[in-house]
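Let's take a friendly tour of the hidden spaces and ring contacts in a protein model. Have the 3D view ready and follow along topic by topic.

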Amino acid sequence: MLFRSTRTAPTNERGEYRIPGLAVGDYKVEAKLTGFQSEVRQGITLVIGREAVVDFTLQVGNVAESVTITGEAPLIETTTAVVGGVVDQAQMREIPLNGRSFIELAALQTNAVFSEAAESSATKGFGKKLAISGQRYASNSFLLDGADINDAAGGSGSAAGTIAGIETVREFKLITNAYDAEYGRHTGGVINAITKSGTNTLHGSVFGFLRNDNLDASRWEDNARGNGQKAEFRRTQFGGSLGGPVRKDKAFLFGNFEALRQANIGDATAYLVPGPEMRRGQLPDGSTVQISPAIQPFLNLYPLPNGRARGAGLAEYFGSQDRITNENFFVIRSDYQLSSNQNLFARFQFDNGDDRIPQHLDISDTVVKTRQRYTTIQYENILTPALLSSTRTAYNRTNIVPGIELKLSYPRNLYMFNPDFPVSVGFTGAESLSLNPNDTINRIQNLYEINQSLTWTRGAHALKFGGGWSHVGFNTIGPAAGAFGDYVFNDARGFLTDSNLNQFQVEVPGSSTSRSVRQQIASFYLQDDWRLRPTFTLNLGLRYEPWSGPDEKWGRVSTVRDRKSTRLNSSH
């Protein structure tokens, strides 16, 4: 527990009791009744989302006499139909993690798998792509201390691929199916994590982790493409945490800082490029064509092959690429016990990630910067032993800022449609000389939310009801697909002679794809866990979640309606 506190709950006519809204931690439960010995159960550990069932059998005797039983409550959930599991502190501490991101442990739960082939980009988001119960990875809800931390791409994660370090997260629960009515907005799984907090004792940690290629074996790619020469790889993670009391049993602070420095130097990559014959205008069928003066600058930009000929006038080119990743992560949390029935906590977190990603043929680097800011304030009030109120407000800002840095010296006459970037050219079979305009689109999301919930125990009913309001602002700044100009030829002949064009794409001059879309989301829910019998509980839930229509802040979005008209034909 965060601090020492006492909660009292009377039993109903059937001897049943509920104590809602308890924080995670270790508890001791005592039952008393006049004419019977009191009984104490120790070693009860509550984890996130768990409703522990602790039963007592009181013996006739003096209430001053006490029987103490030490033991854990049953782990089987008998009061809810929610399907999921908890990853606790021990698992996060003991299981090795590649990158120390807690989300790596999500696959410990059934129905949760990582989409290893999923794209990580400014449009698809960063971090691990988690598919839960067959749903798409963008369908999940990521919660931190109950607040939404989904980013502008629908997932959660920094440019470094992490969400939050294990020094920050105390534990998390992954819900894969049959959610309670309080969860909404997404159709996939719910990843609900809680941060650590200060305690009555001063505690902290200092850590440093190192991974180096000198301790690794050669990969298959190194042996196949680099003669067994390994790429240099260095990963350093370091930081520390500190938590403790500001005022014993009253106010507490916890803070954590983590840093990542990672470099992958000289990674071997293979591409198909025009071979020596094609550079002289010789086609795969043996014929020779005159290379178009408009194509010659692009042909000169292709690197010379340094591998085997692969037919069709193409040959292998083995390149060496460098990828640099850095991250700084910080969180601070304050808890304050206003009274025996009221408590307040506030948390602020920032995560700055930078990733320099080399692109094909070593033409350019995509430099991605993510800037994430999460703030949550929550107030809880025990109105009566049977009625608990919880009010939470949160702000989530995610900023994905990609950019392109050219590494080849393009002739200025190839900057046809954009003053900053040249056109893209490619043909079937070979690697294209292309740049992706999506890598220059800035995506910013501002999410404001207010939630109010009430938990009320009445007889055999455990009711939880409330509602919330969210304002989502999604801003995109940047060009459309193909904005720099994109030429795709059918074959090598068409490419060399500047003919037989298969596709041409360019943004209409003077147009803008920048948008500021706003949307309001309301929610109302009622959940009733009705204990009909000691061995039978009925879970009933109802949720209503209306969304407003998207609205562009500056009127840059319009809708064209397809109106059907009726025509009356007559003859005279």
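In this predicted model, the lining of the second largest cavity is made up of six nonpolar, four polar and three charged residues. That cavity has a volume of about 70 Å³. Below, we look at it again, then turn to the largest cavity and to the aromatic rings.

**The second largest cavity**

- Its lining consists of 13 residues.
- If you want to find its centre in the viewer, look for Lys128, Lys129, Tyr137, Gly155 and Ser156, the lining residues that lie nearest to it.
- Two of these residues also meet in another way: Lys129 lies over the face of Tyr137, 5.7 Å from the ring centre.

**The largest cavity**

- The model has three cavities of 30 Å³ or more, and the largest of them holds about 100 Å³ of space.
- A total of 14 residues line the largest cavity, and those nearest its centre are Thr162, Gly165, Glu258, Glu327 and Phe329.
- Two elements each give two or more residues to this lining: strand E13, which covers residues 251-274, and strand E15, which covers residues 314-339.
- Strand E13 provides the largest share, with three residues.
- Sorted by class, the lining of the largest cavity has five nonpolar, five polar and four charged residues.

**Aromatic pairs**

- Across the whole structure, a search turns up eleven aromatic pairs.
- One of them joins Tyr302 and Phe495 in an edge-to-face arrangement, with 6.5 Å from centre to centre and 90 degrees between the planes.
- Where along the chain do the two partners sit? Tyr302 is in the loop between helix H4 (296-301) and strand E14 (309-311), while Phe495 belongs to helix H5 (residues 492-497).
- The pair therefore links distant parts of the chain, as its partners are 193 residues apart, where helices and strands are numbered from the N terminus.
- Are Tyr302 and Phe495 buried or exposed? Both Tyr302 and Phe495 are buried, each with under 20% relative accessible area.
- Ring pairs also connect Tyr302 and Phe495 with Phe427 and Phe489, and these four residues form a cluster.

**A second charge over a ring**

- Arg333 lies over the face of Phe345, at 4.2 Å from the ring centre.
- To see this contact in the viewer, turn the model until you look down on the ring of Phe345, then find Arg333 over its face.

Key:
Residues are numbered from 1 along each chain as its sequence is written. This is a predicted model: local features need pLDDT of at least 70, side-chain atom pairs count only at pLDDT 80 or more; totals for chains, interfaces and linings use all residues. Side-chain values use heavy atoms; hydrogens and water are left out. On a 1 Å grid over the protein atoms alone, a cavity is a set of points where a 1.4 Å probe fits but cannot get out, and a pocket is an open set with protein on both sides within 12 Å along at least five of seven lines; lining residues have an atom within 4 Å of a point. Grid points are joined across faces, edges and corners, and a volume is the space filled by probe spheres set on the points. Helices (H or I, at least four residues) and strands (E, at least two) are DSSP runs, numbered from the N terminus. Ala, Val, Leu, Ile, Met, Phe, Trp, Tyr, Cys and Pro count as nonpolar, Asp, Glu, Lys and Arg as charged, and the others, Gly among them, as polar. Rings of Phe, Tyr and Trp (its six-membered ring) pair if their centres lie within 6.5 Å; planes under 30 degrees apart count as stacked, over 60 as edge-to-face and the rest as tilted. Buried means under 20% relative accessible area, exposed over 50%, partly exposed in between (1.4 Å probe, protein chains only). A charge sits over a ring if NZ of Lys or CZ of Arg is within 6 Å of the ring centre and within 35 degrees of the ring normal.
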